[in-house]
Amino acid sequence: MARDLRAFIKLLEQRGELRRISALVDPDLEIAEISNRMLQAGGPALLFENVKGSSVPVAINLMGTEERVCWAMNMEHPQELETLGKKLGMLQQPKPPKKFSQAVEFGKVLFDVVKAKPGRDFFPACQDVVLEGDALDFNKLPLIRPYPGDAGKIITLGLVITKDCETGTPNVGVYRLQLQSKNTMTVHWLSVRGGARHLRKAAQNGKKLEIAIALGVDPLIIMAAATPIPVDLSEWLFAGLYGGSGVALAKCKTLDLEVPADSEIVLEGTITPGEVLPDGPFGDHMGYYGGVEDSPLIRFHCMTHRKDPIYLTTFSGRPPKEEAMMAIALNRIYTPILRQQVSEIVDFFLPMEALSYKAAIISIDKAYPGQARRAALAFWSALPQFTYTKFVIVVDKDINIRDPRQVVWAISSKVDPVRDVFILPNTPFDSLDFASEKIGLGGRMGIDATTKIPPETEHEWGKPLESDPDVAEMVEMRWAEYGLGDLKLGEVNPNLFGYDMR
C-alpha cells in the first residue's frame, strides 16, 4: 500500500486521478481558486510543478473525493471503513467473549495492535537535507493564502507533534499555522487539544515546549491524527491500525520528538509559554472569516527535508472541501462505535452540507414510544465529536438517510412540530458558530421523524402505500416486452424534479 506521500501520488496518477500542472501559478490565492473549482466538480488531485517564488511543487486536493480517502486508507469502498470502526470499537470497550468465534475475532484485533506498533528508521529520508539557523527562510516554501481576507500564508496539513514534559506521552494533531516571519509561526489550537495541554504543563514546569511540524506525510497518518476517538492509543498506533503495519518514525535532529521518517519536510522549534502574536483572520469551515486571536508563537531553528521535496496543503471553507471528504470517511468509521454506544441505532449520517457535524440523521429500529428522543439524547453524549452537533433528525430504519429526498419526506409526513420537536437551550457550543446568540453557548434541536405508536399518537397511523408484489414481479419480467428495455431506471437526476443541484 501507499505508505508515504510520493507513493500515494503515484497511485492516484496510475488511476487517472491526478493532474500535473506545469504552468506558472501563484500560491497567493491562485492555487486555492483552481483547487476550489476542482473540488466543487469532484475533479482529480492536482500537482503544481511550477510555483511562483519556490522550487518546491505543491500537491493539493489529494483527498478531494470519498473514493480517494478510501484509497489513502488502503480500501476500495466506503463500506470497508465500518470494518475498521468495529475493530476500534472492540479496543475502546472490550467485552468478554461469549463464543469461541468472538474470542478468535478479538485475538485478531490484538494481533493487529501488535503489528501496528511504530518502527524506527535511523537513516530517514526526511533528513536528507538539514538547514539550521540563518539558513532558515520559510518564505521559500510555497505556503498558500486561500482567501483575499486572510491575514497571511498558512500551513494546514502539517502534523503538529508535541510531548507531555512529565509523562513523555506524545500528541499528534492537525492545526493551522500562520507564517509570522521567515522563521516563526503562530499555531491555532483549541484549549482542549493535546498540544495546548502540553503547553500549559510546560509553563507550569518553567520549560519551553518542543514542537515539530511534519509536512507531506502519508495521508493515512493525517486521517489517524484527525480521528478524535477516545481510545487510549497514540496516533502512531492508530495509523498503524489503519494501514495494517507500523509507521516508521525517526528522531528529530534537534528535539526529543519523533516524526514520520518519510515526511517530505520537518520543521523543528520551541514555544516559550506566554509568547503570543495575533493570529487571523482566516476563512474557516463555517464558510466565514474567523476572528483574530492571540496564539502561541513558535520559533524554529531547524528544517530538514527529503531531496526534491513536495509540499502538501489544503484549505478550509464551505463544503465541498478536502476536510469534508475526510469527515465523510470518519463518519463510516464512527458508525459501529456509535452502535456499540447506542444499540438501537441502525445507521447515521453527517451531511457534508451541514459541515459534517452540525446536523446528524439517525435511523433506528423503533420498538417503543419515546425511543427516538432517547436515541437523539444518547447521540449527543456518545462521543466527544458530537458535542457540537446542532440538529439530530431521527427516522425509521427503512428510510435511506443518505437520500435527502427521503429524509425531507419523513420530516414532512411524520412530524408534528409541537409533539416531535424538542430543544435544549444554553448548552456548550462551538465558538466558531456565529448563529448562536452568545459565542460558546447555544441550543440543540431534536426532531422525531419516526412513525408514531401509542401513546405517542391517539389515532391509527396510516398504512404506507406499496405495490402489489405479484404485479411488480410480473412487470419486471415483461419490461422488455413493453418496449422499454433500453430505459435504465437507475440513479435519477434530482434536477428533473425541480432541484437546482450543480
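Below is a friendly conversation about how terms are applied to this predicted model.

User: What should I know before we start?

Analyst: The structure is a predicted model, in which local features need pLDDT of at least 70, side-chain atom pairs count only at pLDDT 80 or more, and totals for chains, interfaces and linings use all residues. Residues are numbered from 1 along each chain as its sequence is written, and side-chain values use heavy atoms, with hydrogens and water left out.

User: Why is Leu355 called buried?

Analyst: Buried means under 20% relative accessible area, exposed means over 50%, and partly exposed lies in between, using a 1.4 Å probe and protein chains only. Leu355 has a relative accessible area of 17%, so Leu355 is buried. You will find Leu355 in the loop between β17 (345-349) and β18. Its phi is near 65 degrees, a positive value in a residue other than glycine.

User: What makes Asp308 exposed?

Analyst: Asp308 has 69% relative accessibility, which is over 50%, so Asp308 counts as exposed. Asp308 sits in the loop between β15 and β16, and its phi, near 50 degrees, is positive although the residue is not glycine.

User: And why is Ser234 called partly exposed?

Analyst: Its relative accessible area is 26%, so Ser234 falls in between the two cut-offs. Ser234 belongs to the loop between α7 (219-225) and α8 (235-243). From Ser234 to Lys397 there are 163 residues in sequence and 35 Å in space, C-alpha to C-alpha.

User: What makes α11 count as a helix?

Analyst: Helices are DSSP runs of H or I with at least four residues, strands are runs of E with at least two, and both are numbered from the N terminus. Helix α11 covers residues 404-414, so this run meets the requirement of at least four residues.

User: How do you know that the buried residues of α11 line one face?

Analyst: Val407, Ala410 and Lys414 are the ones to look at, as they are buried. Seen down the helix axis, the buried residues fall within an arc of 65 degrees, so they line one face of α11. The arc is taken from the directions from the helix axis to the C-beta atoms. An α-helix has 3.6 residues a turn, so residues three or four places apart point the same way. On the other side of α11, Pro404, Trp409 and Ser412 are exposed. The cover over the buried residues includes β18 (359-364), β19 (391-396), α12 (417-420) and β21 (441-449).

User: Which residue caps the N-terminal end of α11?

Analyst: Asp403 does, with a side-chain oxygen 3.0 Å from the backbone nitrogen of Arg405. A polar contact is a pair of N or O atoms within 3.5 Å; within protein, one must be able to donate a hydrogen and the other to accept it, and residues adjacent in sequence count only if both atoms are side-chain atoms. The distance of 3.0 Å is within that 3.5 Å limit.

User: What makes a group of residues a nonpolar core?

Analyst: The group must be a set of buried Ala, Val, Leu, Ile, Met, Phe, Trp, Tyr and Cys residues joined through side-chain atoms within 4.5 Å. The largest such core here has 78 residues, and those with the most contacts inside it are Leu62, Leu159, Met223, Tyr242 and Phe379. Helix α9 (residues 322-341) gives the largest share of this core, ten residues. Another core, of 38 residues, lies apart from it, with Ile144, Leu177, Val187 and Leu267 among them.

User: Which residues are in contact with Met223?

Analyst: Contact means heavy atoms within 4.5 Å. Leaving aside neighbours within four places in sequence, Met223 is in contact with Met63, Val69, Met73, Tyr242, Met326, Ala329 and Leu330.

User: How do you know that β11 and β14 pair?

Analyst: Two strands pair if DSSP finds at least two bridges between them. Strand β11 (residues 209-215) and strand β14 (residues 265-279) have seven bridges, so they pair, in the antiparallel sense. Ala214 has Val266 in β14 as its bridge partner. Strand β14 is also joined to β15 (residues 293-305) by eleven bridges, again antiparallel, and Val266 stands opposite Thr304 in β15.

User: Why do β4 and β12 count as paired?

Analyst: Two bridges join β4 to β12 (residues 248-251), so the requirement of at least two is met, and the strands run parallel. Gly119 stands opposite Ala248 in β12.
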